[in-house]
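Hi everyone, thanks for making time this morning. I'd like to walk you through one model, so please have it open on your screens as I talk.

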Amino acid sequence: MNTMTNTNNILTNNEGTAMTTVSTNNATTIASAAVLFDLSIKVFSATVTDSDVSNDVAVDNNASHKAGTYLKNLLAECKELDTIKKFAAMVRTWNKNLTMPWNDNGLRLLPMSLMLDHKAQLTEFERQYWDMVDAFLCDYGNHVAAAAFTLGKMFDRSNYPCVTEVRNKFAFNKMYSPVPTAGHWMVDTNNAGLAEVVEHSMHEAHSREARAMQNVWDRMYKLVSHMADKLKESNFDGSRPDGKKTKLHDSMLSNAEEFVGLLDDLNVGGDPRLSEMGNDLRRLLAVTDLGDLKKDSGARVAAKAKLDDILNKFNL
């Protein structure tokens with residue numbers, strides 16, 4: 001794992017008071033190699049708790065009224081709203097694959113090398129999103145009318161907000177910002193309180209950088225170990241407990257190729273071991289054919305052995 005190093009230099013100002021310059025080589029590298037990105041996509045949930053149905057269920061089952069609640073789907077058969085929800089989920093997954101976690105509030109670390117393409121694609125996603133929302137809202141009245149048949153006796157027109165309120169429940173917010181870094185903090189060492197704040201700030205920065213890079217290692221491990229597990233010969237000789245044989249899909253190799261294609265960008269900390277592991281996997285993928293893996297036991301055994309070698313080489 002990448003090692004992050006603090007550098008502390010003692011300087012002297014004109015008054016002869018000791019000053020501390022706190023910097024970090026890795027923080028500077030990451031701050032110049034990545035930006036922070038915040039994505040928030042909201043979709044009208046179209047759900048409401050139905051107290052009457054909840055009470056009926058409790059009575060019918062001789063249960064306490066606090067035992068549960070019934071969440072009513074106001075637009076259960078609305079394909080347009082379902083499409084928007086699936087699209088929002090797709091965009092979130094796309095963004096997650098190109099970024100790394102930064103904090104617990106949703107901020108992600110985006111490699112600078114991917115920023116222009118990321119921004120262009122996101123602009124297109126946002127356009128598509130609002131086109132779908134506008135189409136849904138234009139037909140909102142008909143969706144509500146259709147819900148009366150879908151929900152039967154549970155339909156309650158007062159549950160449905162007006163179009164303006166519904167539109168406000170949709171949002172597509174995005175923000176790029178620089179990676180915060182202490183840079184070269186100049187702190188009077190006589191001010192213990194301020195020095196403590198700087199030390200805490202630097203510690204938080206190191207922790208977040210480590211977390212971001214650990215995420216890339218975790219994704220690499222999950223990818224390689226999944227492939228190795230899939231290629232176990234016991235998955236193909238009928239010795240599985242269920243007697244079935246494992247099916248190999250194109251996505252096993254295409255997902256790996258997509259990830260290693262992004263690895264140099266994601267490695268914003270410049271970890272040489274991560275680059276080396278990526279190169280090992282690239283070489284293996286270059287000589288691996290899915291058709292051979294499906295029909296040739298020897299090809300599977302050889303590929304799995306190389307995958308295991310990669311995992312063992314990096315102690316994963």
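Let me start with a bit of vocabulary: a residue is buried when its relative accessible area is under 20%, exposed when that area is over 50%, and partly exposed in between. Asp308 has a relative accessibility of 24%, so it counts as partly exposed. And please keep in mind that this is a predicted model.

Who is the partner of Asp308 in a salt bridge? The partner is Lys304, and the two side chains meet at 2.7 Å, N to O. Both belong to helix H11, and because they are 4 residues apart there, about one helical turn separates them. There is also a network to look at: Glu276, Asp280, Arg283 and Lys313 are joined into one by salt bridges that share partners.

While we are on helix H11, which spans residues 297-313, find Arg300 in it. Is Arg300 buried or exposed? Its relative accessibility is 6%, so Arg300 counts as buried. Leaving aside residues up to four places away in sequence, Arg300 touches Leu231, Glu233, Phe236, Leu293, Lys294 and Lys295.

Back to salt bridges. How many does the structure hold? The count is 12. Let me show you two more of them.

One is between Lys72 and Asp50, whose side chains meet at 3.0 Å, N to O. Lys72 sits in strand S5, residues 71-73, while Asp50 is in the loop between strand S4 (47-49) and helix H2 (51-60), so this pair ties together parts that are 22 residues apart in sequence. How accessible are the two partners? Lys72 comes out at 2% relative accessibility, so it is buried. Asp50, at 9%, counts as buried too.

The other pairs Arg127 with Glu124, and here the N to O distance is 2.5 Å. These two are 3 residues apart in helix H4, residues 115-138, which means about one helical turn lies between them. Arg127 has 43% relative accessibility and therefore counts as partly exposed. Glu124, at 28%, is also classed as partly exposed.

Now please turn to helix H7, where you will find Glu209. Its relative accessibility is 1%, so Glu209 counts as buried. Which residue, 108 places away along the chain, has its C-alpha atom 9.0 Å from that of Glu209? That residue is Pro101.

Last stop, the largest pocket. Its volume is about 520 Å³. There are 19 residues lining this pocket, and those closest to its centre are Asn97, Arg219, Lys222, Leu223 and Asn255. Which elements give two or more residues to the lining? They are helix H3 (79-98), helix H7 (192-230) and helix H8 (250-266). The largest share, 7 residues, comes from H8. As for the chemistry of the lining, there are 6 nonpolar, 6 polar and 7 charged residues.

Let me finish with a quick recap for your notes. Among the charged residues we visited, Glu209 is buried at 1%, and so is Arg300 at 6%. In the Lys72 and Asp50 salt bridge, Lys72 is buried and Asp50 is buried as well. In the pair within helix H4, by contrast, Arg127 is partly exposed, and Glu124 is partly exposed too. Thanks for listening, and I'm happy to scroll back to any of these spots.

Terms used:
Residues numbered from 1 in each chain as written. Predicted model: local features only at pLDDT ≥ 70, side-chain atom pairs only at ≥ 80, totals over all residues. Heavy atoms only, no water. 1 Å grid on protein atoms, 1.4 Å probe; cavity = no way out; pocket = protein on both sides within 12 Å on 5 of 7 lines; lining within 4 Å. Points joined across faces, edges and corners; volume = space filled by probe spheres on them. Nonpolar A, V, L, I, M, F, W, Y, C, P; charged D, E, K, R; others polar. Buried < 20%, exposed > 50% of the residue type's maximum accessible area, 1.4 Å probe, protein only. Contact = heavy atoms within 4.5 Å. Salt bridge = Lys/Arg side-chain N within 4 Å of Asp/Glu carboxyl O.
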